[in-house]
Amino acid sequence: MTAGARAFLPQFPVELPVPDLRPWAAGNLLPGVWSFASDQPGPHVALVGLIHGNEIAGGLLLARWLEQGLRPARGRLTLILANLAAFARFDPADPTLSRFVDEDLNRVWCDKVLDGPRDSAELRRARELRPLLAGIDVLLDLHSMLWPSDPLMLAGGSRRARELGQKLGVPPLVVSDQTGHSTGRRLIDHAAFTAEGSRRTALLVEAGQHWEAATLATLEACATALLRETGLLPGGPIEHPRARAAEVTRTVIAGTHSFGFVQNFRGGSVIPERNTLLALDGETEIRTPHDDCLLVMPSPRTMRGHTAVRLARFLDD
């Protein structure tokens, strides 16, 4: 990475301890993959951490539960440490640089790409993990965010996923984004979860800023709610207030290198009035397309061709 690109990245303190994942690297099914079955019938639930090597909160949670000997009361539980190669590069003194080795592991989940000729560390790992997807009933992908933002769940274009996220209630917002990312499909967008007629469901939780202690607590609360809802943990569903739902109406991609917001917007902010100026992309004005416009994960420093913010409208229940 060039010095200019490094200067482009923000600096945030790392409050979380760096997990020691060496005891869990071998897995019992695949490298970094641990799977446990109950003798009672039930769904197969998968929790995925470290799709991005610098998002250590997910790795911390899965390592903690592995150390504690978590086992499902029914069905099957699979814990996936997805990108251990990228995590191996994590340095708390420079924590933004270990997101991936060669390319973003959360942009390659298209079968045409996975079956194609390209090669990278992340593609090899995705190809190794792909056979697992056909047997998973419910998947929760554990993520965090570079920029401070209110936590949320992403449901892709799946109504099933949105309804499940609303039922879990933590975080208290579920966003449906039909188009995903223009640069490639996320794990939750894979055909195993989105094909017509599929009964499988996948959610992505963005639990807060990467290295804040509160982010780990949010991930644990969300994953625990899912395991209780699906019956893999005893005690029945946790009674959280129903999460609010929103749907992305526009994805703003920076068209120039001079993209900039007109003020420091935080993710989760709601802009009351339509046509409010949000940003300038060169000479192009970016304005809210409707009243009560929700800002989903705005990125104050956005390079050309990358997503700057997603704009969303709340849905009536």
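Where does Leu50 lie? I looked this up in the predicted model and found Leu50 in the loop between strand 2 (44-49) and helix 2 (56-68).

**Entry: backbone of Leu50.** I went to this residue for its backbone, since Leu50 has a positive phi of about 65 degrees although it is not a glycine. I then asked whether its side of the loop is buried or exposed, and I noted that Leu50 counts as buried because its relative accessibility is 0%, where the cut-off for buried is under 20%.

**Entry: backbone of Asp292.** I turned next to another residue other than glycine with a positive phi, namely Asp292, for which the value is near 50 degrees. I located Asp292 in the loop between strand 12 (284-287) and strand 13 (293-296). Is Asp292 buried or partly exposed? I wrote down a relative accessibility of 43%, so Asp292 counts as partly exposed, that class lying between the 20% limit for buried and the 50% limit for exposed.

**Entry: a cis peptide.** Which residues does a cis peptide bond join? I found the bond between Val170 and Pro171, with omega at about -5 degrees, and I placed Pro171 in the loop between helix 6 (159-168) and strand 6 (173-176).

**Entry: helix 2 against helix 8.** I followed the chain from the loop of Leu50 into helix 2 and looked up its packing with helix 8 (residues 213-229), where the axes are 9 Å apart and the angle is about 55 degrees. That angle makes helix 2 oblique to helix 8, because it falls neither under 35 degrees nor within 65 to 115 degrees. I also recorded that the crossing of the two helices is right-handed.

Which residues of helix 2 meet helix 8? I listed Ala57, Gly58, Leu60, Leu61, Arg64 and Trp65 on the side of helix 2, and they meet Thr215, Leu216, Leu219, Glu220, Ala223, Thr224 and Leu227 in helix 8. I sorted the residues of this contact by class and obtained eight nonpolar, three polar and two charged.

**Entry: surroundings of His190.** I closed with His190, which lies in the loop between strand 6 and helix 7 (191-194). With a relative accessible area of 6%, His190 is buried. What does His190 touch, leaving aside residues up to four places away in sequence? I noted Trp109, Asp111, Arg130 and Leu133 as the residues that His190 touches on that count.

Terms used. Residues numbered from 1 in each chain as written. Predicted model: local features only at pLDDT ≥ 70, side-chain atom pairs only at ≥ 80, totals over all residues. Heavy atoms only, no water. Helix = DSSP H or I, 4+ residues; strand = E, 2+ residues; numbered from the N terminus. Buried < 20%, exposed > 50% of the residue type's maximum accessible area, 1.4 Å probe, protein only. Axes fitted to C-alpha atoms, helices over the stretch in contact; angles between N-to-C directions. Parallel < 35°, antiparallel > 145°, perpendicular 65-115°, else oblique. Left-handed = near helix turned anticlockwise from the far one by under 90°. Contact = heavy atoms within 4.5 Å. Nonpolar A, V, L, I, M, F, W, Y, C, P; charged D, E, K, R; others polar.
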